[in-house]
Each structure stands twice: as C-alpha cells, then as structure tokens.
Amino acid sequence: MTLTDLDRVTLETTDDVKKVERGAMRAARRSRRRAEEGDHSGLASARGGSKWFVLAGLILFTIYSVGPAWWLIVSATKSKEQLYTTNGLWFADFRLFENLASLFTYQDGVFGLWMWNSTVYALAGAVGQTIVALAAGYGLAMYQYRGKGISMGFIIGSFLIPGALLTIPSYLLFVQVGLYDSAWAMILPAFFGSFSVYLAKVYAEGAIPPELMEAARIDGAGEYRIFFSIGLRLLTTAGATIFLLHFVAIWNAFFGPLVFLRSAERWPVMLGLYSWLQRGADSTVDLTSLVITGSLVATIPMVLLMLAMQRYWKAGVTMGSLK
C-alpha cells in the first residue's frame, strides 16, 4: 500500500507545523528563563543592598556602644596631666597599676568598703526580688481566684507611677520605723517590683504546662512542693533575667542611697564616686583619675555576672525549642 501525493503533502505540512510549534515553545521558555534570571538578579541586588545597609547600621551601633567603654579603659591608664593633654581614645604612659593602688588606699581604703556595700545591697535585693516575683507570677499564672483581674490591674497600673514619687513617703516611713541610714533601707524595698511580677507571670503561662501540675497533684505532691520542685526549675530563665536586671539596677542606684543613707561608710560605690567627683581634688590626690579608675573597677562585677549567667538563657532557649 503506497501513499498518494495528497497524503505526502499532508504529512509534510503536519511536520512543518510541529516544527514551528516546537520552535515557538523553545523561544517562550528562553524568554521566560531570561525574565526569571532578571528577577533573581534584581532580587539579589536588592538583598545585597539591604545587607550592606544593615551591616553599616550594626557597625555604627557597635561604635556607639563600645566607644564610652573604650574611653573609660584608656582614661583609667593615664595620669591627671595625660587626661587633658593626650588623645582621649588612645593610650599614653601606662599608669593603671598606680591608679589602682591610689584608688584602694585613699581615705583608708573606703572604696573597697563601698564596693562591698554595693555587692551586699545588689545581691540581697536581687535575690529577694527574684524569689518574690517568681512566686507571685507563678500564682497569678497558675491559679484562679476571686479578684485576680483587679490584682492584675493594680500591678499593671503601678507601671505608671514614677519611682521618684515614692521617695518622700518612703523616707518618712523609714524614719518612723527606724530603717533610715541602715542597710535595710536599701535591701527591703528592692524585694518588690511590679514589672518583675508581670514578667514572671507571662513567662510562667508559656513555660509551665497545666497538665504537668495536674500529674504532680495526682501523684500526691502538694502545692509548695510543685512550686519548688517543678515551677522554679521551669522558670530558671525568667529568674535569671529578673535577677540580672535588678542586680544592675541596684548596683547603679544613686537617688535612693542619696536620700536614705547619711553615713559614708554605708554608701554604695556609685554614691561614693559621686562624692569624690564633687570634691574634684584635694591636697594630695587628683580625684578625677580616682573616679575614672573606680568607674572602671565598678563595671567589672556586672560584666562577670553577665558572662556567668549566659548559660541560663541558652538553657531556656533550648528548652523552649524542644517543647
């Protein structure tokens, strides 16, 4: 059986049409690929531009943050004359050890006493506030009781009250109860902080499953045992955050000690350095260099505390990722 001339013409025409269609499809794919490559290149250039913008912002923020600390370190190594005659951002003659010796021997070593006072006030106040805040936040998050909404309203509303407004009433109260010019005037008020309670309450709502508490109750555990054995363990990250924030706040406190403490031997380090700065100089020692060196030494405990407590935040983040 042979093909007729008409059949041959039809087949040839069909093959030509298919060739044309395949060519058009290939051209369409090439144009679409070029358009996608153009979009990707434009997106990549936009991402590259935003990356450099973010990097520049981070560099400026780093310089802004590290600059004062660098100036403090450099200035603590200089003498009085070099503070005013040399570049403030670079070293001159290294006098750090001489400045440290003068710092800890001036006025019979009162700076060491001020450092000890700050350590006692900050540790006792931060530990007390951490325990109170975790207990109160745990109770607000885990239990239902009449008046819970009102108590939360009071806690949140207390955020609006500036701490300076409580200074005069606190002063009058401390005078009446005999706490004025004593260490308890710095420690007891530090036990209570509404923001810490709210922070602990919010964290407890997400970190402590109610099912875990019910299982502990079924096993016969009491509420106190549940709190100390389960609640506190799950609130470690919140506790570390509250402790660190209030340790730094109490360590850097100035207005409260200025009002509540009269005796120089009870002053914290910040108030003591301020008293030296107000005097400026005496007949034997330049107090400006002592204030700068003392400020550098006073920052060391906070840096060490921050480094030591990093593992608690890492453990909390890991725990949250595995829940």
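# Notebook: helix packing and aromatic pairs

I began with helix H4 (residues 110-142) and helix H8 (residues 194-207), which pack at an angle of about 50° with their axes 7 Å apart. The model is a predicted one. I put the two helices down as oblique to each other, because about 50° falls in neither the range under 35 degrees, nor the one from 65 to 115, nor the one over 145. I also looked up the handedness: H4 passes H8 in a right-handed crossing.

Next I listed the residues of this contact. On the H4 side I noted Gln-129, Ala-133, Leu-134, Ala-136, Gly-137, Tyr-138, Leu-140, Ala-141 and Met-142. On the H8 side they meet Ser-196, Val-197, Ala-200, Lys-201, Ala-204 and Glu-205. I sorted the residues of the contact of H4 with H8 by type and got 10 nonpolar, 3 polar and 2 charged.

**Second helix pair**

I then turned to H3 and helix H14 (residues 287-308), which pack at an angle of about 90° with their axes 9 Å apart. H3 and H14 are therefore roughly perpendicular to each other. From H3 I wrote down Asn-99, Leu-100, Ser-102, Leu-103 and Phe-104; from H14, the residues they meet are Leu-290, Thr-293, Gly-294 and Val-297. The residues of the contact of H3 with H14 divide into 5 nonpolar and 4 polar, with no charged.

I took one residue of H3 for a closer look, Asn-99. Is Asn-99 buried or exposed? Asn-99 has a relative accessible area of 10% and is buried, since the cut-off for buried is under 20%. Setting aside neighbours within four places in sequence, I found Asn-99 in contact with Ala-76, Thr-77, Lys-78, Leu-290 and Thr-293. Leu-290 and Thr-293 also stand in my list for the H14 side of the helix contact.

**Aromatic pairs**

I noted 20 aromatic pairs in the structure. One entry is Tyr-106 with Trp-276, an edge-to-face pair at 5.3 Å centre to centre with 75° between the planes. What parts of the chain does the pair link? Tyr-106 sits in the loop between helix H3 (96-105) and H4, while Trp-276 sits in helix H13 (residues 269-279); they are 170 residues apart, so I recorded the pair as linking distant parts of the chain.

I checked the accessibility of both partners. Tyr-106 is buried at a relative accessible area of 9%, and Trp-276 is buried at 1%.

I looked up a second pair, Phe-191 with Phe-192: the ring centres are 6.4 Å apart and the planes are at 65°, so this pair is edge-to-face. Phe-191 counts as partly exposed, at 22% relative accessibility. Phe-192 counts as exposed, at 59%.

I also traced a cluster. Ring pairs link Phe-104, Tyr-106, Phe-111, Trp-114, Trp-267 and Trp-276. Of these, Phe-104 is also on my list for the contact of H3 with H14.

**Leu-212**

My last entry concerns Leu-212, in helix H9 (residues 210-218). Leu-212 is partly exposed, with a relative accessible area of 35%. Beyond neighbours within four places in sequence, Leu-212 is in contact with Ile-230 and Leu-234. I also looked up Ile-226: Leu-212 and Ile-226 are 14 residues apart in sequence and 9.5 Å apart in space, C-alpha to C-alpha.

Key
Residues numbered from 1 in each chain as written. Predicted model: local features only at pLDDT ≥ 70, side-chain atom pairs only at ≥ 80, totals over all residues. Heavy atoms only, no water. Axes fitted to C-alpha atoms, helices over the stretch in contact; angles between N-to-C directions. Helix = DSSP H or I, 4+ residues; strand = E, 2+ residues; numbered from the N terminus. Left-handed = near helix turned anticlockwise from the far one by under 90°. Contact = heavy atoms within 4.5 Å. Nonpolar A, V, L, I, M, F, W, Y, C, P; charged D, E, K, R; others polar. Phe/Tyr/Trp six-rings, centres within 6.5 Å; stacked < 30°, edge-to-face > 60°. Buried < 20%, exposed > 50% of the residue type's maximum accessible area, 1.4 Å probe, protein only.
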